[in-house]
Amino acid sequence: MKLSQDLQKDIDLLSIDTIRTLAIDGVQKANSGHPGAPMGLAPVVYALWQNYLRYDPVDPLWFNRDRFVLSNGHASMLLYATLHLTGVRRVGTDGKVTDKPAVSIDDIKAFRQLDSVTPGHPESHMTSGVETTTGPLGQGVGNSVGMAIASKWLGANYNRPGYEIFDFNVFAMCGDGDMMEGVGCEAASLAGHLKLSNLCWIYDHNSVTLDGPAKWSYDEDVMTKFVGLGWNVTRVSDANDLKMLNRAYETFLKTNDRPTMIVVDSHIGYGSPNKQDSSDSHGEPLGPEEVKLTKKFYGWPEDAQFLVPDGVYDQFKNGIGKRGGENRAQWSKKYAEYKAKFPELAQQIQTMEKWELPQGWDKDLPNFPADAKGMATRDSSGKVLNALAKNIPWLIGGSADLAHSNKTNLTFDGAGDFFPEDAYKGRNLHFGVREHAMGSAVNGLSVSRLRAFSATFFNFSDYMKPAMRLAALMETPSMFIFTHDSIGLGEDGPTHQPIEQLAGLRAMPNMIVLRPGDANEVVEAYKIMIQQRHSPSTLVLTRQPLPTYDRTKFAPASGVAKGAYVLIEAEGGKPDVILIGTGSEVSLCVQAREKLAGDGIKARVVSMPSWDLYEKQDAAYKESVLPAAITARVSVEMAATMGWDRYVGPKGQMMGMHTFGASAPIKDVMKKFGFTVENVVATVKQVLGK
Ligand SMILES: Cc1ncc(C[n+]2csc(CCOP(=O)(O)OP(=O)(O)O)c2C)c(N)n1
Ligand SMILES: [Mg+2]
């Protein structure tokens, strides 16, 4: 097939146009998506990968590789074409790198098809070389901040003089949408504050969004804004100008006190030049005619599809392939010496890399003695979290300005704060009042192999839900800790009292929701969370104290692992009724059980901290906890009742919240909404027809 003379001469342009035409053909074949952003951004990505990204396609898992995040995930073909042309290898299901391509030409042809590794938007658990899942705008840039924190933190804690084991950079490509989204601004603010000099955002300033010209909805001065946020800002006025692009990347590499924002003025690809100014086709494939005209414009054979001209693979091989290979070889040599010199540190790094936990990770976990007065689960959580973090050196995290309320401060000797002034060594992250960026950054930390947690009030899970959802989708074990879990928080009132959050999060696939009922259930909940490798978890904790049960009389708290368990059987077995509670309401059930016994009614109490884990149990176990024959059941939970019908059945009753809460001391709130022992007893009698 004949290429135009010009193209044959310029291998850079030839390679760039190959990215473009692969994107065009992939989108056209799928008849879904739009190649505009890949067409506009191909040179920007080419310059970065070919000349600067420290990345060895032969080992996409190399721990110290630079990370590239495509925050404008709708440009996914840009990433797929790049992974293909650079020859990034596929990681097998066993977590080992194979000699197969991450994205083959057939995979490109299967863009957006069922079970392909080239889904509509990049999904990190589907495709090797995709660092994080993007699509919801703003998330990728949020993740990139977490990755940059990870690099700084790892460097601060594991590098030794002469041994820069961790110093990777993080590049995030983003668009107008990422700039407009709140999370993008929160993340930028956090990154600027933290002076993350290893972070580079490349903003595709193409003056267009989906609905039309960007100016219809967006005309702020992004450069000035980012200067104000503490970033170094530079601009490339033509996305096709490789020289200027290289200069901008050099500027980033030279900047060591701030993150860098590269604003790139580009033209989104609409196809041939006669369509350059239209905006109506943005969001759709070009169509067969326009594809031909566009290829003609590029000097491409008009009918060729998925064409990779001679010399293009070699160009990448001799560029990023060679350079990246050398980068990694140098690092590996250093790392081999490091291993010999610092075997303990190396051991930690290897354990971290494999998502494993260090020996003795659970050795300081507390065992809480029975105590009728008890303690709030936020307090037991604080103790457990500290006991874990002490023995898992790479467990780090923080709160969105509520650490004192969430009890998530790591207080043991040497825990420290993550401040630039302390060389980024500390383990307490201070996210500020930026819940969404916090969630997103925690995901970025998680995909970088740190064990990371966030914290805030449960009600504010709404402010970070999109990040939580992506953690679940991308199968990364972020830990989302929430306190002030119900109307039980009292005086702060209905603006702070969660109602529907439990139901919503329980409906989220792959999110493990845990609402432990006493201090020892908190211990068990953490054991479950920390051992996850592919699922995030949501821990829901009280502000108010709960009794700590006497486990010599009650079943062991290890039942938490099964999601629900018989905490205490009815006196003499053979229950008349089953009371099912979670979190603070377990104690209401326990008290009601005693009262009912006085009235000759035998009640079993089931503690059900996690629906998700319960649903994974076999039928026999479920039958042992909730026997089909016992249809008199009452669930007690100070939250929306949606979904509880499946556990109480048609003859049972659900005690829950049907309105928002109220601002008052806890005892008045409880009374108002009926969460009293008397009311549980009355409800049971109603169910039993007594
Ligand atoms: C949170 C979120 N809202 C909406 C969308 C749908 N969406 C996808 S691309 C896009 C346009 C965004 O414009 P821009 O970021 O400038 O990208 P460009 O069209 O320039 O490539 C929108 C609204 C999305 N992906 N995520
Ligand atoms: Mg745009």
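Here is a walk through this predicted model, from its metal site to its salt bridges, nonpolar cores, cysteines and a pair of unusual backbone angles.

Let's start at the magnesium ion (ligand 2). The protein gives it Asp176 through OD, Asn206 through OD1 and Val208 through O, lying 2.1 Å from the ion. So you have two side-chain names to look for, plus a valine that takes part through its O atom. If you like to spot such sites in the sequence, the donor residues follow the spacing D-x29-N-x1-V. Asn206 counts as buried because its relative accessibility is 11%. Val208 is buried as well, with a relative accessible area of 8%.

While you're in this part of the chain, have a look at Asp204, which sits in strand E5 (residues 199-205). What is the nearest side chain of opposite charge to Asp204? That would be Arg20, and it is 10 Å away. Asp204 is therefore buried without a salt bridge, since such a pair needs its nitrogen and oxygen within 4 Å. Instead, leaving out neighbours within four places in sequence, Asp204 is in contact with Leu41, Cys174, Gly175, Asp176, Val264 and Ser266. You'll recognise Asp176 in that list as one of the magnesium donors.

Plenty of other charged side chains do pair up: the whole structure holds 29 salt bridges. Take Asp25 and Lys295, whose closest N and O atoms are 2.6 Å apart. Asp25 belongs to helix H2 (residues 11-30) and Lys295 to helix H11 (residues 288-297), so this salt bridge ties together parts that lie 270 residues apart in sequence. Both Asp25 and Lys295 are buried.

Arg506 and Glu637 make another such link, again at 2.6 Å from N to O. Here the pair ties together parts 131 residues apart in sequence, because Arg506 is in helix H18 (residues 501-506) and Glu637 is in strand E19 (residues 633-640). Arg506 is buried at 12% relative accessibility, and Glu637 is buried too, with a relative accessible area of 1%.

For another setting, turn to Asp668 and Lys667, a salt bridge with its closest N and O atoms 3.8 Å apart. Asp668 is partly exposed, at 36% relative accessible area, while Lys667 counts as exposed at 60%. Salt bridges can also join into a network, as they do among Arg54, Asp66 and Asp167.

Now for the nonpolar side. In soluble globular proteins, nonpolar side chains tend to be buried together. The largest nonpolar core in this model has 158 residues, and those with the most contacts inside it are Tyr158, Trp201, Phe226, Trp231, Met261, Leu579 and Phe675. Which helix gives the most to this core? It is helix H6 (residues 139-158), with ten residues.

Trp231 is a good place to zoom in. Setting aside its neighbours within four places in sequence, Trp231 is in contact with Ala188, Ala191, Gly192, Leu199, Trp201, Phe226, Arg258, Pro259, Thr260 and Met261. Trp201, Phe226 and Met261 are also among the residues with the most contacts inside the core. There is a second, separate core of 61 residues, which includes Ala81, Leu83, Val88 and Ala102.

What about the cysteines? A disulfide is a covalent bond between the sulfur atoms of two cysteines. The count of disulfides here comes to zero. Cys185 shows why: its sulfur is 12 Å from the closest cysteine sulfur, in Cys174, which is too far for a bond. Cys185 is partly exposed, with a relative accessible area of 30%, whereas Cys589 is buried at 0%.

Last stop, the backbone. Most residues other than glycine have a negative phi, and most peptide bonds are trans. His484 has a positive phi, near 60°, and is not a glycine. You'll find His484 in the loop between strand E12 (479-483) and H18, where it is buried with a relative accessible area of 4%. Lys574 also has a positive phi without being a glycine, this time of about 45°. Lys574 sits in the loop between strand E16 (565-568) and strand E17 (577-581). Is Lys574 buried or exposed? At 69% relative accessibility, Lys574 counts as exposed.

Definitions and conventions:
Residues numbered from 1 in each chain as written. Chains lettered and ligands numbered in written order. Predicted model: local features only at pLDDT ≥ 70, side-chain atom pairs only at ≥ 80, totals over all residues. Heavy atoms only, no water. Donors = N, O, S within 2.8 Å, 3.2 Å for Na, K, Ca; no water. Buried < 20%, exposed > 50% of the residue type's maximum accessible area, 1.4 Å probe, protein only. Helix = DSSP H or I, 4+ residues; strand = E, 2+ residues; numbered from the N terminus. Core = buried A, V, L, I, M, F, W, Y, C linked by side-chain atoms within 4.5 Å. Contact = heavy atoms within 4.5 Å. Lys, Arg positive; Asp, Glu negative; His and termini not counted. Disulfide = S-S within 2.5 Å.
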